[in-house]
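Trainee: I would like to learn how to read contacts in a structure like this one. Could we go through it together?

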Amino acid sequence: MLKGKTALVTGSTSGIGLGIALALARQGANLILNGFGDVEGPKAEVAALGVKVGYHGADMSKPSDIAAMVAYADAEFGGIDILVNNAGIQHVAPVQDFPPEKWDAIIAINLSSAFHTTRLALPGMLQRGWGRILNIASVHGLVASAQKSAYVAAKHGLVGFTKAVALETATSPVTVNAICPGWVLTPLVQKQVDALAEREQVSNDEAKRRLLAEKQPSLQFTTPDELGALAVFLCSDAAFNVRGQAWSMDGGWTAV
Ligand code: NAD
């Protein structure tokens, strides 16, 4: 379905980003990966699906790195057709104790990076006559939780940004949407499971159960594979008129 298209997924060396990258590659899209940590493993997983795979190590908190990554995509892949703004970090603390440098990093990586990738990639999509922009927001783009002021602010901002750009492109062949996952068991959430286990002196399994019970009525983690399938749908022709949405996959979290 996506043969001949190129997808850039930011923060795709791990977790949700890697799940989405693999799902798009299974549909035939060429992939540009980005993110820190092990790169060769994820690259090999994507390459095994028979598509062209590249990597750029842009630090998504740095606009000049982002510009270099988009230039790399233009030079090596002929542009970006599917942009998945996924890179993100978390920090948990009450607002009066929130380190200002963590606030700045979260706003830069979870929000401003999507502005920079979008402003640089959108003109090529419009010129080539097809494009998909998927912003990986969160339930925290729709509702809040205590101790996550920077994350909630950034994700609400990302949902707002999604709507504004979707309106600007409403009559074009480029669609712009956000995906709002609930709890997904990735390294980002495992840290919060570990903190809960430590705080409440319980096992890893019990900490996971308590974390889910607090917020996610299905009592099941959403998986990167499920989010990959949603991303594939949003890239399909059938989703042409899905525009400016913040689409939850949260086990009922935001239904209450
Ligand atoms: P993760 O920690 O598994 O992956 C994050 C990815 O971002 C990694 O590849 C990491 O290397 C990359 N990254 C971090 N900082 C970066 C930077 N400065 N520059 C480039 N890459 C950077 O986390 P995840 O849970 O897969 O999260 C992915 C996205 O999904 C995030 O935006 C997160 O907010 C969002 N999300 C996660 C959950 C969840 O429950 N895990 C829920 C809702 C939304």
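Mentor: Gladly. A polar contact is a pair of N or O atoms within 3.5 Å. Keep in mind that this is a predicted model. Here, a backbone N or O atom of Ile 16 lies 2.8 Å from an oxygen atom of the ligand.

Trainee: Which side chains have a polar atom close to an oxygen atom of the ligand, as in the side chain of Thr 186?

Mentor: For Thr 186, the distance from a side-chain N or O atom to a ligand oxygen is 2.4 Å. Lys 155 also places a polar side-chain atom 2.9 Å from an oxygen atom of the ligand. As for cover, the ligand taken alone exposes 820 Å², and the protein buries 93% of that.

Trainee: Which elements give two or more residues to the shell around the ligand?

Mentor: They are helix H1 (15-26), helix H5 (149-168) and helix H6 (187-200). The largest share, 3 residues, is from H6. By type, the shell divides into 16 nonpolar, 12 polar and 2 charged residues.

Trainee: And how is a pair of aromatic rings described?

Mentor: By the distance of the centres and the angle of the planes. The count here is 3 aromatic pairs. In one of them, the ring centres of Phe 233 and Trp 247 are 5.7 Å apart and the planes stand at 70 degrees, so the pair is edge-to-face. Phe 233 belongs to helix H8 (residues 224-235) and Trp 247 to strand S7 (residues 246-249), so the pair ties together parts 14 residues apart in sequence.

Trainee: Is Phe 233 buried or exposed?

Mentor: Phe 233 is partly exposed, at 31% relative accessible area, and Trp 247 is partly exposed at 34%.

Notes: Residues are numbered from 1 along each chain as its sequence is written. This is a predicted model: local features need pLDDT of at least 70, side-chain atom pairs count only at pLDDT 80 or more; totals for chains, interfaces and linings use all residues. Side-chain values use heavy atoms; hydrogens and water are left out. Rings of Phe, Tyr and Trp (its six-membered ring) pair if their centres lie within 6.5 Å; planes under 30 degrees apart count as stacked, over 60 as edge-to-face and the rest as tilted. Helices (H or I, at least four residues) and strands (E, at least two) are DSSP runs, numbered from the N terminus. Buried means under 20% relative accessible area, exposed over 50%, partly exposed in between (1.4 Å probe, protein chains only). A polar contact is a pair of N or O atoms within 3.5 Å; within protein, one must be able to donate a hydrogen and the other to accept it, and residues adjacent in sequence count only if both atoms are side-chain atoms. Accessible areas come from the Shrake-Rupley method with a 1.4 Å probe; for residues, only the protein chains shown count as cover. Ala, Val, Leu, Ile, Met, Phe, Trp, Tyr, Cys and Pro count as nonpolar, Asp, Glu, Lys and Arg as charged, and the others, Gly among them, as polar.
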